[in-house]
Amino acid sequence: READRRAWTPVSYTVTRQNATVQGLIEGKAYFFRIAAENLIGMGPFTETTKEIVIRDPITVPDRPEDLEVKAVTKNSVTLTWNPPKYNGGSDITMYVLESRLIGKDKFHKVTKEKMLDRKYTVEGLKEGDTYEYRVSACNIVGQGKPSFCTKPITCKDEIAPPTLDLDFRDKLIVRVGEAFSLTGRYSGKPAPKVTWLKDDIVVKEDDRIKIQTTPTTLCLGVLKSVREDTGKYCVTVENSTGSRKGFCQVNVVDRPSPPVGPVIFDEVYKDHMVVSWKPPLDDGGSEITNYIIEKKDTHKDMWMPVTSATVKTTCKVPKLLEGREYQIRIYAENLYGISDPLISDEMKAKDRFRVPDAPEQPIIKDVTKDSAVVVWNKPYDGGKPITNYIVEKKETMATRWVKATKDPIFPGTKFKVPDLLEGCEYEFRVSAENEIGVGDPSPPSKPIFARDPIAKPSPPVNPEAVDKTKNSVDLSWQPPRHDGNGKIIGYLIEYQKVGDEEWKKANLTADSCPETKYKVTGLTEGLTYKFRVKAVNAAGESDPANVHDPVEVKDRLEPPELILDANMAREQHVKAGDTLRLSAVIKGVPFPKVTWKKEDHEVSPKADIEVTGVGSKLEIRNTVHEDGGMYSLTVENPAGSKTVSVKVVVLDKPGPPRNLKVSDVRSDSCYLTWTEPEDDGGSVITNYVVERKDVASAQWVAISSSSKKRSHMAKYLMEGTQYQFRVAAENQFGRGPYVETLKPIKAIDPLHPPGPPKNLHHVDVDKTEVSLAWNRPDRDGGAEITGYLVEYQEEGADEWTKFQTVPMLDCVVTGL
């Protein structure tokens with residue numbers, strides 16, 4: 001019965017054991033129980049429980065706490081958190097016990113003395129560098145439960161984390177003048193990072209308008225009533241000992257533009273229109289100028305009239321003016337954010353104010369030659385319109401008519417070389433300027449000049465030197481004179497003098513025989529020493545001589561041979577059969593070396609063309625064949641030494657015929673072919689073999705394999721009894737070589753073997769000099785019809801058998817015994 005009720009409720013009537021399970025009870029309620037025994041006679045008295053029993057699960061210690069985690073570590077503290085056990089043992093948790101163990105020690109020690117129910121605890125007073133592990137247990141009224149799983153070993157040191165930065169703004173921000181803007185974001189890092197704001201790489205400082213707010217997790221730069229100067233690239237840097245992060249924002253504070261820059265220039269003024277120009281505003285307000293608004297005003301009236309509001313150029317034509325009236329022009333600049341204050345011009349009267357250019361001053365004449373002269377003048381006043389052309393005229397002093405020096409325009413230079421003068425004639429020149437209004441008056445005539453070349457003797461040649469020599473000659477070289485005397489250099493005179501003599505001898509008689517800046521002096525005597533000098537000659541005469549610095553001893557100059565190989569003389573040269581082989585090299589040496597070409601230390605083929613020049617040699621073989629391949633060598637030799645180079649030439653051709661073609665294992669429907677590779681692969685890898693067959697009665701060859709890389713082939717599908725010939729050719733990338741054929745036809749038949757022994761040999765009759773024999777056919781005939789039987793006899797005790805005769809039948813009478 002329930003403790004608070006008096007009525008008993010039966011549980012069971014059929015219990016024969018000494019125990020029973022009572023079900024259907026309500027958790028938390030108190031009950032009394034009683035039990036009586038019963039036999040056939042009846043039920044005995046009840047026995048009751050002495051005190052009430054409260055229904056609840058049995059109480060045990062709690063399970064282990066879960067999720068023990070390290071939340072923070074410094075050099076002297078560790079902060080831990082955990083979650084309650086999954087099961088509290090049937091009783092509320094009364095406290096938690098946190099324990100630690102120094103790594104290297106055996107025992108865990110209690111960290112807290114006070115009763116702790118919070119699931120977070122900071123262990124303080126630790127020693128920097130020490131390593132601990134932690135565990136926590138839960139307690140209820142029964143006692144202390146199992147400890148949690150241990151943390152990983154934790155070393156006491158300040159925790160570090162690189163900075164992070166999360167910004168609320170984008171890369172670009174546009175703000176109107178006068179509006180406020182702010183750049184905000186969040187950051188983190190250990191140790192706590194330092195936050196720095198920069199604008200265009202300069203640190204931002206706070207003032208009445210600029211405010212910087214930084215909390216441990218947020219950052220903010222705010223600007224009140226922004227001005228154009230706030231435009232720039234803003235950068236926030238979050239930095240600690242482990243690194244830094246940066247965020248950027250290009251802030252553009254925009255406004256209407258400043259006025260266009262004056263003054264207003266009147267480029268053109270006419271009686272009915274003007275052309276004005278100006279300069280763009282110094283400040284476009286941070287946004288591109290979209291257009292200019294131009295207005296005009298008659299100074300006698302107060303009203304401004306529109307001219308245009310749709311130009312982006314800084315020039316404008318102002319039309320519909322009244323001649324003689326004075327006008328003012330005002331100009332506004334406009335962008336997306338508004339219209340500037342105006343730029344107002346000075347007053348300008350509408351009238352034609354341009355005319356033709358003035359006459360230039362008297363021109364000066366320079367650089368006169370026999371057929372030309374250079375006319376130089378100063379630019380005159382242009383009449384208000386830019387000069388577009390100058391007109392240069394010439395005339396002979398005795399003539400009356402001026403003639404244009406050229407039909408082409410002369411501009412912008414103020415000098416002109418007049419061509420086509422007649423040598424010896426006297427000329428004068430004048431110049432006129434032209435603008436879009438017309439041609440102005442001509443200048444006064446220049447002073448007269450005669451058309452002739454001014455000429456003087458040239459200066460001496462420069463830096464003469466001996467550049468080469470032999471046993472009877474010296475090669476000289478020099479540079480042209482610095483001054484040609486205004487006359488063409490006709491040529492040079494070369495002189496030489498034997499050391500010790502006073503007399504100079506001429507190497508050439510006339511200057512025009514040596515127009516170049518080099519000369520070979522010949523006919524000298526070997527072993528003597530000479531001095532040399534050179535003179536330049538123009539129409540005015542000879543220059544002073546220029547001497548070769550040092551005397552020169554006449555003898556052969558020795559230089560060992562040198563070979564400069566062309567690309568076709570690499571270590572190995574490949575050429576396709578039928579193409580042309582070219583081998584060449586540049587050769588140096590003094591005296592010029594003797595040139596020898598060889599192939600494999602023998603003379604080269606007569607079909608080779610060999611050419612030797614003063615600077616090199618070339619070997620050429622046309623229509624090359626495979627035999628032209630081999631090792632070619634080029635030897636150059638002079639008294640100072642010799643040099644040899646070699647090149648391996650490979651003539652790439654079709655391969656030769658395969659070798660040792662053999663047929664084996666002949667059957668009635670197949671045979672086996674084998675061969676060996678060609679002696680000559682044509683300089684390229686054999687790619688495959690082509691195998692063909694033909695019936696001896698047919699003229700047509702039939703391919704039976706064309707892609708095999710093996711050196712053997714099973715020829716199948718033969719007709720029994722037919723005679724065949726076979727042939728094989730090798731192929732490489734340059735084509736198919738010649739075939740090799742079988743020496744004699746092959747007949748497709750199965751191979752023959754000797755027949756088996758006759759069976760059951762016995763005598764049928766015997767006489768004193770003869771025996772009648774009989775036998776049966778053998779089991780096997782060896783693949784062919786049996787043509788006869790050989791009968792032999794042997795006298796008993798003898799070693800050898802004596803042939804009697806061959807018989808076609810299965811019996812025989814042996815006589816003569």
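Which residue in S34 does Val374 stand opposite? In this predicted model, the residue facing Val374 is Lys417. The two strands behind that match are S31, residues 373–376, and S34, and they run in the antiparallel sense, joined over four bridges.

That pair belongs to a small story about one sheet. S30, S31 and S34 make up an open sheet of three strands, in the order S30-S31-S34, and the pairing is antiparallel. At the edges stand S30 (364–366) and S34 (415–418); each has a single partner strand, so one side of each is left without a neighbour in the sheet. Going from one strand to the next, the twist averages 25 degrees. As a bit of background, strands of a sheet pair through backbone hydrogen bonds, and the pairing can be parallel or antiparallel.

Another open sheet turns up further along the numbering. Its three strands follow the order S55-S56-S59, again with antiparallel pairing. Here the edge strands are S55 (659–664) and S59 (712–715), each of which pairs on one side only. The twist in this sheet averages 15 degrees from one strand to the next. Looking at one of its pairings, S55 meets S56 (residues 671–676) in the antiparallel sense over four bridges. Within that pairing, Lys662 sits opposite Thr674 of S56.

Strand S56 is also home to Trp675. Is Trp675 buried or exposed? Trp675 counts as buried because its relative accessible area is 4%, while the cut-off for buried is under 20%. Trp675 also has a partner worth picking out by distance: its C-alpha atom and that of Lys710 are 9.4 Å apart, although 35 residues separate the two along the chain.

Arg64 makes a handy contrast. This residue is found in the loop between strand S4 (53–54) and strand S5 (66–73). With a relative accessible area of 28%, Arg64 is partly exposed, since that label covers values between the 20% limit for buried and the 50% limit for exposed. How many Å separate the C-alpha atoms of Arg64 and Ile53? The separation is 29 Å, with the two residues eleven apart along the chain.

Next come the annotated domains. An unreviewed UniProt entry gives the label "domain: Fibronectin type-III" to residues 1–58, 64–159, 259–353, 359–454, 460–557, 657–751 and 757–817. Two of these spans can be described a little further. Residues 64–159 are 0% helix and 41% strand, and the C-alpha atoms at the ends of the span are 29 Å apart. For residues 460–557, the figures are 0% helix and 45% strand, with the end C-alpha atoms 29 Å apart.

The unreviewed UniProt entry also lists "domain: Ig-like", placed at residues 163–252 and 561–646. Residues 163–252 come out as 0% helix and 64% strand, with 28 Å between the end C-alpha atoms. Residues 561–646 are 0% helix and 62% strand, and their end C-alpha atoms lie 16 Å apart.

Finally, there are the pockets. The largest pocket has a volume of about 1100 Å³. A set of 31 residues lines this pocket, and Pro10, Val11, Ser12, Arg34 and Ile35 are the ones nearest its centre. Strands S2 (34–38) and S3 (43–48) are the elements that each give two or more residues to this lining. S2 provides the largest share, five residues. What kinds of residues line the largest pocket? The lining splits into 17 nonpolar, eight polar and six charged residues.

The second largest pocket holds about 640 Å³ of space. Its lining has 25 residues, with Pro758, Leu761, Leu790, Val791 and Glu792 closest to the centre. Here the elements giving two or more residues to the lining are strand S65 (771–776) and strand S66 (789–793). The largest share, five residues, comes from S66. Sorted by class, the lining of the second largest pocket has 17 nonpolar, five polar and three charged residues.

How values were computed. Residues numbered from 1 in each chain as written. Predicted model: local features only at pLDDT ≥ 70, side-chain atom pairs only at ≥ 80, totals over all residues. Heavy atoms only, no water. UniProt positions renumbered as here; feature names shortened; annotations may be inferred. 1 Å grid on protein atoms, 1.4 Å probe; cavity = no way out; pocket = protein on both sides within 12 Å on 5 of 7 lines; lining within 4 Å. Points joined across faces, edges and corners; volume = space filled by probe spheres on them. Nonpolar A, V, L, I, M, F, W, Y, C, P; charged D, E, K, R; others polar. Pairing = 2+ DSSP bridges. Axes fitted to C-alpha atoms, helices over the stretch in contact; angles between N-to-C directions. Buried < 20%, exposed > 50% of the residue type's maximum accessible area, 1.4 Å probe, protein only.
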